[in-house]
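Hi,

Here is the structure I said I would pass on. Have a look at it first, and then read on for what turned up.

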Amino acid sequence: MTRHVPADKINLRLILVSGKTKEFLFSPSESAGDIAQHVFENWPEDWCQESVSKAEILRLIYQGRFLHSNVTLGALGLPYGRTTVMHLVPRENLPEPNSQDQRQKSKGGNSSCCSASCCIL
């Protein structure tokens with residue numbers, strides 16, 4: 001089920017909370033907000049149970065982090081011509097940038113050496 005991905009595109013395999021997946025081709029210059037809008041406008045028929053009322057509540061999660069709507073695929077350093085997996089979830093607001101640090105501290109975990117300079121994209 002592997003599809004050919006053009007060398008100048010990034011194939012995103014989006015996974016819903018229900019586990020359903022769909023693949024979309026995007027340019028590296030497209031942002032998370034652009035992707036949410038495109039998916040909303042081209043909502044797959046087999047995702048009808050998970051439909052949302054507006055594109056603005058669709059959020060992408062990559063490597064465990066919510067992406068802000070203005071971050072581009074190119075800025076994430078995603079490989080061209082390959083498939084990258086992201087989760088797509090409906091959520092009105094993004095979590096606070098330090099919420100992950102707070103959770104880690106409350107679990108008794110030590111902050112990593114770069115916690116002061118890390119950020120959610």
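When I say two residues are in contact below, I mean that they have heavy atoms within 4.5 Å of each other. Keep in mind too that this is a predicted model.

With that in hand, start at serine 69, which sits in the loop between strand 4 and strand 5. Is it buried, exposed or partly exposed? Its relative accessible area is 44%, and because partly exposed covers the range between 20% and 50%, serine 69 gets that label. Which residues does serine 69 touch, once neighbours within four places in sequence are left aside? The answer is Ser31, Ala32 and Gly33. Serine 69 also has alanine 36 at 8.4 Å, C-alpha to C-alpha, although 33 residues separate the pair in sequence.

Now the sheet. It is an open one with five strands in the order 2-1-5-3-4, and the pairing is mixed. Strand 2 and strand 4 (65-66) are the edge strands; each has a single partner, so one side of each has no neighbour in the sheet.

Two of the pairings are worth clicking through:

- Strand 1 and strand 2 are antiparallel, with six bridges. Arginine 13 has glutamate 23 in strand 2 as its bridge partner. The hairpin these strands form has five residues between them, and glycine 19 there takes a positive phi near 100 degrees.
- Strand 3 and strand 5 are antiparallel as well, over four bridges. Here isoleucine 61 is bridged to histidine 87 in strand 5.

Helix 1 lies across strand 1, strand 2, strand 3 and strand 5, and runs at about 125 degrees to strand 2.

That brings us to the inside. The largest nonpolar core has 24 residues, and the ones with the most contacts within it are Leu12, Leu14, Val39, Leu73, Met86 and Leu88. Strand 1 (10-15), strand 2 (21-26), helix 1 (32-41), strand 3 (58-62) and strand 5 (83-90) each give two or more residues to this core. Which element gives the largest share? Helix 1 does, with four residues.

If you want one core residue to zoom in on, try valine 39. Not counting residues up to four places away in sequence, valine 39 touches Leu14, Phe24, Phe26, Trp47 and Leu88. Leu14 and Leu88 are also among the residues with the most contacts inside the core.

Cheers

Terms used: Residues are numbered from 1 along each chain as its sequence is written. This is a predicted model: local features need pLDDT of at least 70, side-chain atom pairs count only at pLDDT 80 or more; totals for chains, interfaces and linings use all residues. Side-chain values use heavy atoms; hydrogens and water are left out. A nonpolar core is a set of buried Ala, Val, Leu, Ile, Met, Phe, Trp, Tyr and Cys residues joined through side-chain atoms within 4.5 Å. Buried means under 20% relative accessible area, exposed over 50%, partly exposed in between (1.4 Å probe, protein chains only). Two strands pair if DSSP finds at least two bridges between them. Axes are lines fitted to C-alpha atoms, for helices over the stretch in contact, and angles run from 0 to 180 degrees between N-to-C directions.
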